[in-house]
Amino acid sequence: MQKRIFNDIYEKRDRWSSYDPANHREIIEEYEKVEEAKQQLKAEKLKNDPDAEISRMGGSW
């Protein structure tokens, strides 16, 4: 890792200086995959046991 020389205090404290939009896109894509998997799991669970959502909510219909 290279040491970086800062020109002034503002550059040193710049929180966005190491921001990489490509890395952010990877994080968003991973989050979307996880959310999609959660939705599929929930849909599969409801398909196998339709009463599971009602009992989980604490209501009796």
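**Entry 1: surface.** I began with the accessible surface of the protein, which comes to about 6,400 Å². Carbon and sulfur atoms account for 53% of that area. I note here that the model is predicted. I then looked up burial: of the 61 residues, 2% count as buried.

**Entry 2: secondary structure.** I recorded three helices and zero strands. Read from the N terminus, the order of the elements is α-α-α. Helix α1 covers residues 9-12 and helix α2 covers residues 21-48, while helix α3 covers residues 52-57.

**Entry 3: confidence.** I looked up the pLDDT next. The average for the protein is 77, and 62% of the residues score at least 70. Among the elements, α2 has the highest mean, 91, and α3 the lowest, 59. I keep in mind that predicted coordinates should not be read in detail where pLDDT is low.

**Entry 4: a charged patch.** Which residues form the negative surface patch? I listed D20, E26, E29, E32 and E36. I then located D20, which lies in the loop between α1 and α2. D20 has a relative accessible area of 40%, so I entered D20 as partly exposed.

**Entry 5: a salt bridge.** How many salt bridges does the structure hold? I found one. The partners are K38 and E35, whose side chains meet at 3.6 Å, N to O. I recalled that side chains of opposite charge can pair when their charged atoms come close. Both K38 and E35 belong to helix α2, where they are three residues apart, about one turn of the helix. I also checked the exposure of E35: its relative accessibility is 27%, and therefore I entered E35 as partly exposed.

How values were computed. Residues numbered from 1 in each chain as written. Predicted model: local features only at pLDDT ≥ 70, side-chain atom pairs only at ≥ 80, totals over all residues. Heavy atoms only, no water. Helix = DSSP H or I, 4+ residues; strand = E, 2+ residues; numbered from the N terminus. Buried < 20%, exposed > 50% of the residue type's maximum accessible area, 1.4 Å probe, protein only. Areas by Shrake-Rupley, 256 points an atom, 1.4 Å probe, with all protein chains shown as cover. Patch = residues over 30% accessible without salt bridge, like charges linked within 9 Å, V, L, I, M, F, W, Y side chains within 5 Å. Salt bridge = Lys/Arg side-chain N within 4 Å of Asp/Glu carboxyl O. Lys, Arg positive; Asp, Glu negative; His and termini not counted. Charge placed at Lys NZ, Arg CZ, Asp CG, Glu CD. pLDDT = per-residue confidence, 0-100.
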